[in-house]
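Good morning, everyone, and thank you for coming. Please take a moment to look at the sequence and the structure before I walk you through them.

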Amino acid sequence: MKGTDIVVKGLSKSYNSVNGEESLEVLDDIHLHIKQGEFISILGPSGCGKSTLLNILAGFESGDNGVATCCKEKIEGVSTQRAVVFQSPVLFPWLSVRKNVMFGLKQKKMDDGVRQKIVDKYLKAVGISKFENYYPGQLSGGMQQRVALARVLVLDPNILLMDEPFAALDAQSRLSMQELLLNLWQKHKPTVIFVTHDVEEALFLSDKIFIMSKRPGRIKEEIEVTFRRPRNISIIGTPEFSELKKHILSTLMDMC
Ligand SMILES: Nc1ncnc2c1ncn2[C@@H]1O[C@H](COP(=O)(O)OP(=O)(O)OP(=O)(O)O)[C@@H](O)[C@H]1O
């Protein structure tokens with residue numbers, strides 16, 4: 001079902017310290033409204049709670065106070081509507097690329113011919129059809145991340161939660177993954193919530209950027225990114241891009 005605004009109101013979260021004696025306040029009074037189909041990035045200092053927020057939206061964890069809703073329903077656990085892509089691709093090393101991509105679809109009741117066609121479509125979309133019989137260990141990091149992306153896209157999620165998915169890649173692979181992601185997003189328009197440390201990446205990809213304060217993380221600033229779409233890397237050299245980049249960097253530096 002489409003219609004998936006994500007609304008977060010007054011969300012806070014603390015963890016017990018390892019010795020259990022103190023409480024570590026990680027998120028404090030977070031408010032967000034993310035519209036269906038928006039591409040959102042979250043930037044903020046290390047340890048400010050970006051991954052914690054993403055984990056709560058995924059349903060892996062819950063907040064202490066406040067509420068996070070998706071489709072007007074409280075997020076209380078994982079859902080196939082919300083797919084997560086991590087920095088390290090999560091793949092089964094003993095399964096071929098094709099079988100990895102097929103994995104989630106096996107749980108769905110559908111004709112096997114249809115299932116195979118969906119897998120073919122996404123292997124092609126992420127540019128790894130030729131490697132369908134390879135095993136993850138035989139692929140580069142960038143190719144593994146393509147497989148990880150195809151693995152979640154076959155399930156047609158409404159929401160993609162991405163936690164620094166391209167951080168481990170070299171500059172060239174990173175750029176090609178960013179372009180690939182933008183193309184896929186443009187076609188299917190899932191809501192994307194993308195955690196990154198890379199200001200250029202956030203500007204290149206997003207409709208909106210949320211900047212979080214240092215821990216306990218709050219939303220310090222919300223920035224609309226209005227560069228025309230479809231985008232290509234030529235926007236990175238424009239004065240408007242540089243201006244916004246400078247503004248975001250100085251906001252982040254002020255928090256150090
Ligand atoms: N399960 C946990 N138990 C205890 N503390 C935790 C747990 N998960 C995260 N933390 C702590 O919460 C704080 C925020 O962590 P989180 O990973 O959300 O930050 P982040 O902004 O994503 O950081 P980075 O940018 O470095 O990845 C950190 O101090 C971390 O040590």
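**A helix across the sheet**

Let me begin with helix H7, residues 239–254, which lies across S3, S9 and S10 and runs at about 15° to S9. Contact here means that the C-beta atoms of two residues, placed from the backbone, lie within 7 Å, and the angles run from 0 to 180 degrees between N-to-C directions, with axes as lines fitted to C-alpha atoms, for helices over the stretch in contact. Helices (H or I, at least four residues) and strands (E, at least two) are DSSP runs, numbered from the N terminus.

I should say early that this is a predicted model, in which local features need pLDDT of at least 70 and side-chain atom pairs count only at pLDDT 80 or more, while totals for chains, interfaces and linings use all residues. Residues are numbered from 1 along each chain as its sequence is written.

Staying with H7, its 16 residues reach 22 Å from the first C-alpha to the last, close to the 22 Å expected at 1.5 Å a residue, where the expected span is 1.5 Å times one less than the number of residues. H7 is hardly covered, since the count of buried residues among its 16 residues is 1; buried means 20 or more other C-beta atoms within 10 Å of a residue's own, exposed means 12 or fewer, and partly exposed lies in between, with C-beta atoms placed from the backbone.

Now to the sheet beneath our discussion: what is the order of its strands? The sheet is open, has 6 strands in the order S6-S7-S8-S3-S9-S10, and shows mixed pairing, two strands being paired if DSSP finds at least two bridges between them. Strand S6 (82–85) and S10 stand at the edges with a single partner strand each, so one side of each is left without a neighbour in the sheet. On average, neighbouring strands of this sheet are turned by 15° against each other, direction ignored.

Strand S3, residues 39–43, runs parallel to S9 and is joined to it by 4 bridges, and Ile-42 has Phe-210 in S9 as its bridge partner. Strand S9 (residues 208–212) pairs with S10 (residues 219–224) in the antiparallel sense over 5 bridges, with Ile-209 opposite Ile-223 in S10, and a hairpin of 6 residues joins S9 to S10.

Finally, the ligand: strand S2 (23–34) and helix H1 (50–58) each supply at least two residues of the shell around it, and H1 gives the largest share, 3 residues.
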